[in-house]
Structure formats: C-alpha cells, structure tokens
Protein chains: 2
Amino acid sequence: MFRLLLSNALILKGETFTPVRGFLAVEDDTISYIGPDRPEGEPAREIDLHGAIVLPGLVNAHGHAAMVLLRGLGSGLPLDRWLNEAIFPAEARLTLPMEMAAVRLAQMEMLACGTTSYTDMYDFAFEEAALTAETGMKVNLGRPVLSFDARELPAESTRFREAAAFQKEWDNAANGRIRAEFCVHAEYTNRSLSILEAVGDLAALRHSRIHIHLSETAREHAACVRRYGMTPAALLEHLGLLRSPLVAAHCVHLSREDRGMLRQYDFTPVHCPASNMKLGSGFAPVPDFLSDGFTVALGTDGASSNNCLNMFREMYLAALLHKGVRGDASVLTARDVLHMATRAGALAQGRPETGLLETGMKADLCAVDAGRIHLFPLLDPVDTLVYSAQGSDVILTAVDGRILYENGVWTAFDAEEVRARVKEAARALYGA
Amino acid sequence: MFRLLLSNALILKGETFTPVRGFLAVEDDTISYIGPDRPEGEPAREIDLHGAIVLPGLVNAHGHAAMVLLRGLGSGLPLDRWLNEAIFPAEARLTLPMEMAAVRLAQMEMLACGTTSYTDMYDFAFEEAALTAETGMKVNLGRPVLSFDARELPAESTRFREAAAFQKEWDNAANGRIRAEFCVHAEYTNRSLSILEAVGDLAALRHSRIHIHLSETAREHAACVRRYGMTPAALLEHLGLLRSPLVAAHCVHLSREDRGMLRQYDFTPVHCPASNMKLGSGFAPVPDFLSDGFTVALGTDGASSNNCLNMFREMYLAALLHKGVRGDASVLTARDVLHMATRAGALAQGRPETGLLETGMKADLCAVDAGRIHLFPLLDPVDTLVYSAQGSDVILTAVDGRILYENGVWTAFDAEEVRARVKEAARALYGA
C-alpha cells in the first residue's frame, strides 16, 4: 500500500543519474521503488508523467529568500555600492509582514523551478522557520551574526544570543525539514573576533553547521589580509570555526593556500555564478575546487543580484561559464553540474538522506516535461536538463513525498493572497 | 479602421525603451499608434494584455536553424573536435525533409521566445526561403560558400554559383520578409582566395550583405596569420569583402588592430555568448566593441552548441558575462543588451524599418506576461526583461502585424505534424 506512484517516467537514478524508464513509488516520505515494472499494491494516487524526466529535487545552497522584494534593485552597481546605496536603505524599511510575504513568494518561485530545499540567510529566522514548518519545503536557516564593534563581547551581543537560541529551538523541527545552524554574515561584517570565536565554540559544542559569505570580492579578501595579516579563510581557521562543517558562499577569491588548508576540513564552497557576475565579483575557481576533491554546491544568492531563484538558470551558467574561462569545453560536465545542484547541495545541508533518487532516500524530487520543443531530440537526459531545460519546464515538485507544485498550482500556498500581500509590501517600499 | 489593437499594455517605445502604459495599434503591417489613450476606430481584433510588457521582436542575428536536430550532440568537445567528430558525421546523414522539419521546429522555438527575425546559415537555403515565405517569419539567408581546394576557381564552384543564384532569386521576397545575402562560411573553410574575391566583387556589385564566422577560436585566428601573414579580418579587407556590409559571428579573437581597421567599414559583430562558452572559445570583447562605436548584435548560434534558440537566455548571458570578465558591474547595462537583441539586430540584417516600437515602424513585436511571480516587483521593465524574464514568459509574438504565436499556439504551424516529422527525422538519424 503506497501513497504516490509516478508512472511513465524517465527516472535519473542514483549518483550516476542512470536513466530508468518506468515507475517511482513513494511510501510515506520515502522512495520505496524505482524500476521498469509496475510495483504491486494500490497507490493512493498515480500520476502518468507521459515520459517526463524525474530528477532529485534541486538544492539552492545559498540565498536570501525575502530579497525577492528587492529583485533588480541597484542593477549595475558593484557589491559595496550596491549594498550601501541600494540594498541596505531598502532593507531598513522592511517589516516582518513584508518579509514573510516575500519568503512565501520566494518559496513559490523555487518550487515552480524544481527546488525542494534551500539554505537561507536573512533576518527574521524564527518567523521564516515557523512559516516553512507550514509550507512543506526544506530549509537550513540561521539567525545571522553581525558585529560592527571590535570590542563587543559575546555576552553583550543580541545577535549572538538570538543566533544561539534559534539554533537550539529550531534544529530538526518539522520532521527534520528545518535545520537550524549558525550563520555568520561574513568576515567583513564581523569585527568582533571574540564573537566569531564564540560562534566557533558553540557550533563545535552543538555539532552544528556554519554558513558564511567568504572571499566574495577581491577588495574584501585583500582588506582582511591587511587587517589581520590573514586571509578570511585563515582567520576562520584561526578562530576555530573550521571545527564545524562550514558552508561558504561565493569563494571567488580564495587563494591557492586557502584551498590547500581548507581541504583538511569539512568545507563546502557554494558557487553562485549569476550573482558573482552581476556584481562584477569575478569567477570562482570551480574546476579547481572539484579537482581538489571539494564537494561544490550551487546557489542563486538573493534575487536582488540574480534576479531569480531558478536553479536551472544557475546550472546552465555554471556549466557554460568555466568552459569559457578555461578555454576548455570539457571542464564541468553536465553531470558535474547536476550533481552540484542536487546531491552536493544535500550534503552541504547535512542531509545525507536526500539529494539522489534511490530506494530508501527521502522523496524530494521534481519532474521536467520532456515534450517541450526546445528539449528535442533529447539525446541525453542529463545534458538536456543542464543545457536545454528552463525552470518553467518543471511540471511537478515534491518534498518528502508531498506534492507542493503541480502544473502551475502550489498546493500549500494561497497564491492569490501571496501576490496581494507582496504587492502591498512593494507599494509600501517603493510607492505606487 | 485598424487591424490589431493591443490594450492594457506596457509598451517600451523607441530606442530608449521609454515605458508607455496604454495602447499599440497596427494597421496592415505597420505600427500606427502608441499612446496612453484608446485610438479612434474599430480594430479587427483587440487583445487585452493585462499589463504585459510589449517589446520589439527579438532578432537572432546568427544561427543555424536546422541544427535543432543536432541539439546537444557532442557536448563537452572543443570546436574543432566537436565539428569533426560529432557534427560533420551527423550532418552527412541529414536529408532535405529532415532539415525542413527541423527548420519548422526551430522557427516554432524562436517564435515562442519572442524572436521575429533571424539570420541563418545552413544548407538548403532555397528550400528554407520557400518554407519561410509560408510560415511568416523574417529571415536573412545565404547559400554558404565553402572551398577546400586553394586552386578552385569561381567558375568551377557549384557553391559559388548557387550562392549567387540564391541571392538574386530570393532577395526581398515575401514582401521583404526574406533577405537573401552572401554567406561565406569562414576563412578557414575557404582556401580558394579567388572565390572569396569573387564573392566580394559580386556582393559589392549587387549591394548585398555578407555573413561570415570570424575569429571564433584562437587556433583558427592564429592559423590564418601563419597561412597568410594576415588576420582573418585583414584578409577579408585585402580581398575586398569589406566593401559590403559585413555581419560577422563570434569575433572572440579579433585583435585590437582588427577593431581599429574594421571601424572604418560597415561591420557588425554578432555576439554569441552561449556558444562561445560551451565550445570553450572564450569571451568576445563586447564592451570594447561598444566603446569603439560598433553596433553589436546578438545570436544564439545553432542549438547544437547552445542548446536553445532562446534570445532571453542569450540576453541574460550577455548582460552577466562581461561584468564578470571585467570585474565591473556597470558594463553592458540591461538597455545595452536589449538594444543588441532588437534594434542592433535589425540593423545588422539591413532592416532599418524594424527593431523598435514607433509609429511607422513594422509591427514586429512580442509581449511578456508581467504577472509571472519571478518578475515581481518589476521595478524597471528593461532590467526585468534582461535579468529576470525567461523565454517562456512570452505570450504573444507578431511579425509584420500578424500574430504567429499566442499563448502556446503557433498560428501558422501544424505543431503536431512538425513534432511527428522531427521525431521521424531523429529516429532516422540516431536510431530508436
């Protein structure tokens, strides 16, 4: 007796994405069968996918969901001016209801493009966690730590206290869909080294993960070297933050020495190609990360510097970009990139129970309509997903076996209400 | 009495893309009105666009339409191996019926993504022209000239004879929708300099345009310098091909001297960012072209090295890429890129009567659904089109005022028959 049966599907099975034509069955929240023959028993629901490609749900390993409300703000500005002149002034006017409407919109956008889980860094982590407990997505969240006064002590920092409380309260909530972790905004937004040390200690004590922005721009990387005589990565090691699994967005300007040092730790770079290009930050050395043996995840960053939360665009960019940079059409294969967007993201989130399609794994998956004309003639399904498919080709997205998006309908969202609330928020932010 | 009225639209008017909320009317094949007030008279048809953004039809200024049949073939190979090991062997098996089915599919794909006109280079130009006379798109076509024997004379060359005949027979056919021009595949595929000279002479005599692949790879550029002591661009000047307007795809490896020389001529580089990255060819110096004063057009190249014919993806890539390469978020604004994909493309095709929305211009346009959640909050329509929109957001495409695509329906194509024929072609090419 199983809950959901996907039939007439082209299932990309396991870490090798081996195509299997046939059936995928889900019992409770888990994949119970993948194979060419119809399994015995009666499903609660059967969906004929008409040959659609079923792939692991995409994992957006770095972002700021609520920034969909700032989508496109400050286009054409470099990171520092973009933050100070466009983003920070708008953020100062954001309210909790605005942000929660925006998070709902962001989750709708991600689900519509096949994303089942995301790692987020923004204000109002408590409220985003509560909201996500409702909506059914998976999320890794932290209350971001920032400290602009070098003398500030952990005991004096509201941010640090809240970060610690959040991590304790929300980790493994909602049947494990919510993972609470420590979140350090960046080296350059944390001048108090004692607070950074305290994060490192507490994360190690609690076996928690840490999420951070690292060496995103050349300027920030160089400023840290001037300030401490150490790169940002070396500073994190020095302060004890590498005792915990560290997930670091961007890593555009990590040095060769940084990479050598980081290989000894549980360190995952998250590649954000769109954002790094749009802000003029440069290109992360992803082929080097892969040949060094790092697990590399993929993220959209916030919609304000992307401008979307569409992992299909991100996969396409990642697959093309490094071939151009290296002048070598063979770097970053479609398989490398699909792995980054699925299994690598799941591992970056500390979720080994998901990220690939295999019996016994969580049923986090999406389906891509194989009949779209721009996918024709579909010589290789993995190539097709990475180089040809658009986010809008996704026809079904399920998290823990529960369908959250199907053919333009979000089953756990009142889409009209979300649109109305986001419009209201935009009116308040930007005027009529 | 006018034919078509688009109401409730956000029209991007003129070369400045100035947003006008209101109405756009079409009489016969021409835009007769753009403004906030309903024009007098009764339209044959009125379409309420519910706030959709109306923009000039996109111009895909370099491609090989029929290569949709080879979509994804040879992924991961560099240009020379990709051509010799994957593409040429498959092309040798292509037949006329296969190619014509593929061209129809390609036109459907382009129309669905807002492209109204394209410049093509492939075999069977006569038949593609006849087909396009039927389907309603605009196309610039040539019968490609290739010559692998340095001693071959123009009078002996079937290719040259056919190219000349095609240009004469088809130029300005189908009410000007079809423009026939000369098409030289590339320097490296034309060893007979006398044939190249003959093309230059005949094009100048007939006031025709010339379309070519130019300095796509470093290897090809260097080989030409070794062979003749001249860059490919200098060779073309030497042989008299720059007396005619020259439209050159790729231009990744043009030298600074090439650029200085080419500024004196009617020369248009066509940027193909996806293809140049996917094949590992590198990045064309587009910001330099623009600051030199060149009109720069945009193209998808063939689907085999892209993998799509989606100008929205191409705009997004162009807008992001050069910011990353230059480390400067201010290069190539969204306006620059939208201009490349519209007006610049129209001028590259020698079609000054189109490429922007203005009274008296041809009614080549498309509409993007402004209600899609990933476009929210739509702070700036041009930014939104370039950084947020997907090809699948297009809801209407019209050429010369005739609607060829509307909400998933291709009015001039039997979509099911095209699919069936392309499937049959793929079966013959690749087996079951």
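**Exercise 1.** In this predicted model, which residue forms a salt bridge with Arg159(A), and where do the two partners lie?

*Solution.* Start with the pairing: Arg159(A) makes a salt bridge with Asp123(A), and their closest N and O atoms are 3.3 Å apart. That fits the cut-off, since a salt bridge needs a side-chain nitrogen of Lys or Arg within 4 Å of a carboxyl oxygen of Asp or Glu. Next, find them on the chain. Arg159(A) is in helix H4 (residues 158-170), while Asp123(A) is in the loop between strand S7 (115-121) and helix H3 (125-135). The partners are 36 residues apart, so the pair links distant parts of the chain.

**Exercise 2.** Is Arg259(A) buried or exposed, and what about its partner Asp288(A)?

*Solution.* First, the contact: the side chains of Arg259(A) and Asp288(A) form a salt bridge at 3.9 Å, N to O. Arg259(A) sits in helix H8 (residues 256-262) and Asp288(A) in helix H10 (residues 286-292), so the bridge ties together parts 29 residues apart in sequence. Now check accessibility. Buried means under 20%, so Arg259(A), at 10%, counts as buried. Asp288(A), at 22%, is partly exposed.

**Exercise 3.** How many residues apart are Arg421(A) and Glu417(A), and which helix holds them?

*Solution.* Both lie in helix H14 (residues 415-430), four residues apart, or about one turn of the helix. Their side chains meet in a salt bridge of 2.7 Å, N to O. Arg421(A) is partly exposed at 49% relative accessible area, and Glu417(A) is partly exposed too, at 35%.

Methods:
Residues numbered from 1 in each chain as written. Chains lettered and ligands numbered in written order. Predicted model: local features only at pLDDT ≥ 70, side-chain atom pairs only at ≥ 80, totals over all residues. Heavy atoms only, no water. Helix = DSSP H or I, 4+ residues; strand = E, 2+ residues; numbered from the N terminus. Buried < 20%, exposed > 50% of the residue type's maximum accessible area, 1.4 Å probe, protein only.
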